[in-house]
Amino acid sequence: MPPRRIAVLADSDTRWKWGAAVAQQLAPGHALDAYFLSGRSTPTERQLAEIGIVPDTRREVSAAELVDDQELAAADIVVMALLGGTVLTLTHSLGLAWDGRERRPITVTGYVGVVYEKMVDGLMTRAGSDVVLANSAYDAGRFRKAFTSVGVDPDTVVECALPFLGGDPYLPSASGERPFTLTFAVQPSVPKGKASRLALLERAAAHARRHPDREVLVKLRSLPGEATTHVEADPYQLLVEQLAETAPANLRLVYGNMGEVLDRTDLLVTVSSTAALESMHRGIPTAILTDFGVREAHGNHYFLHSGCLASWDDIDAGALPQPDPVWSAAQGIGKSDPYAAARARVAALRVAGPLPPLRPYYTPQRASLYLGDLLQRHGLDEKGRPLSAPLTTGDAGRVKAVVRRVARSGAKSLYRVGRQRVAPTLRKWGAA
């Protein structure tokens, strides 16, 4: 008997990391099929290799192509690791395409990180999935309350944890084994602005100078020109040029799997990266930077009660923050087998008989303008069918052609910058 299959739909490197890890937690014995949605942030081969989860099959598709995909319709579980608007588009369209089938896949969705903004906006677009994963007890409570208030079944919300919280518990290195290592986990869009990002890089370099016995790693997300979930306007790889001549020898730029970098980390520093939760889960001291304030715009307000807020001055003085146990428990940190409830939910749905049709909260009757715009953007009509006339015809087609030419020109420029400027700098700094 062939293995059951779980399909992951993803539109960026971060969402593939989340969706693939969820698939492994939900259905470890299933074959894994990857569907990468074509777009700005479709992951590259390098990004996929860095994540390290290899699917059994993989394809790059558009949302419209998924509607009639019979292999997707035959999957046992479909994990939608996508933007909320895309989840809504597919829940609507696949729901209509699969209506009347004797058997359809169980659909699962959720959030790739902490939910610190636009909670209602994202949650309502995910309503209608069979399982909506909440990464903590805190999230599960507010998700269920919101669903109940609008008549969506609150039992579709299942508490779990971020699927990539794992790794060996932290043990300080024995004397002489390796230097104390501080890892600064950067983010593509926080903070914004060249001056602010350069200031953080300079503070990391200053810390390395003050502590020549420490190794200071700047953990990068992507190469210049690679797209991520969030647009990175001022990559740190380009900003380092302004420090290259004065950079201390113990400051290094690194790529690679975050878990592997954490294996050699004694203190994680970030503004608000999800890497902080990975670090806390393993017991690694973790500092959430306050140098630009504690602000919703930076996402570090999420860590307000964690006990881990600190400035670079605090870090220079030797701070090694550890999270408050009560706060950690509420965020799903340290849970054993956090996906047991989700697996039980999936098992119950399997034995309950034919699944009801997928019905998102936003329907043509309830939100025709909002839903209609999302469907059109993905090349679908109100009935969830591919549009007969491609969106690239007429004026829209001419505008998109110009955008593509500009984008290709920008990509070539980024490639030249990377080859002529960034690569020599990385080699000089000994990037891994």
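Which strands does helix H5 (residues 84-98) lie across, and at about what angle does the helix run to S4?

**Figure 1. Helix H5 against the sheet in the predicted model.** Helix H5, spanning residues 84-98, lies across four strands: S1 (5-10), S2 (31-37), S4 and S5. Relative to S4, the helix runs at about 155°. Strand S4 covers residues 77-81 and strand S5 covers residues 106-109. The protein that frames this view contains 16 helices and 13 strands.

**Figure 2. The open sheet of seven strands.** The strands follow the order S3-S2-S1-S4-S5-S6-S7, and their pairing is parallel. The edges are occupied by strand S3 (57-61) and strand S7 (157-159); each has a single partner strand, so one side of each is left without a neighbour in the sheet. From one strand to the next, the twist averages 25°.

**Figure 3. The pairing of strands S4 and S5.** Strand S4 (residues 77-81) and strand S5 (residues 106-109) run parallel and are joined by four bridges. Within this pair, Met80 stands opposite Thr109 in S5.

**Figure 4. The surroundings of Tyr138 in helix H7.** Helix H7 comprises residues 137-149 and includes Tyr138. With a relative accessibility of 45%, Tyr138 counts as partly exposed. When residues up to four places away in sequence are not counted, Tyr138 touches Ala330 and Gln331. Gly332 is 194 residues apart from Tyr138 along the chain, yet the C-alpha atoms of Tyr138 and Gly332 are separated by 8.5 Å. For the protein as a whole, 73% of the contacts between residues at least 6 apart in sequence join residues at least 24 apart.

**Figure 5. The largest cavity and its lining.** One cavity of 30 Å³ or more is found in the model. The space in the largest cavity amounts to about 40 Å³. Residues lining the largest cavity include Gly113, Val114, Asn135, Ser136 and Asp139. The lining also includes Leu162, Leu277, Tyr302 and Gln331. Gln331 is also one of the residues that Tyr138 touches.

**Figure 6. Lys118 and Asp337, two residues with positive phi.** Lys118 is not a glycine, but its phi is positive, at about 50°. The residue is found in the loop between S5 and helix H6 (119-126). Lys118 is exposed, because its relative accessible area of 61% is over 50%. Asp337, likewise not a glycine, has a positive phi of about 50°. Its place is the loop between helix H13 (325-330) and helix H14 (340-351). The relative accessibility of Asp337 is 45%, so this residue counts as partly exposed.

**Figure 7. The buried cysteines Cys160 and Cys308.** Cys160 has a relative accessible area of 0% and is therefore buried. Cys308 also counts as buried, at 0% relative accessibility. A disulfide is a covalent bond between the sulfur atoms of two cysteines. Zero disulfides are found in a search of the whole structure. Of the 432 residues of the protein, 53% count as buried.

Notes
Residues numbered from 1 in each chain as written. Predicted model: local features only at pLDDT ≥ 70, side-chain atom pairs only at ≥ 80, totals over all residues. Heavy atoms only, no water. Disulfide = S-S within 2.5 Å. Buried < 20%, exposed > 50% of the residue type's maximum accessible area, 1.4 Å probe, protein only. Pairing = 2+ DSSP bridges. Helix = DSSP H or I, 4+ residues; strand = E, 2+ residues; numbered from the N terminus. Axes fitted to C-alpha atoms, helices over the stretch in contact; angles between N-to-C directions. Contact = heavy atoms within 4.5 Å. 1 Å grid on protein atoms, 1.4 Å probe; cavity = no way out; pocket = protein on both sides within 12 Å on 5 of 7 lines; lining within 4 Å. Points joined across faces, edges and corners; volume = space filled by probe spheres on them.
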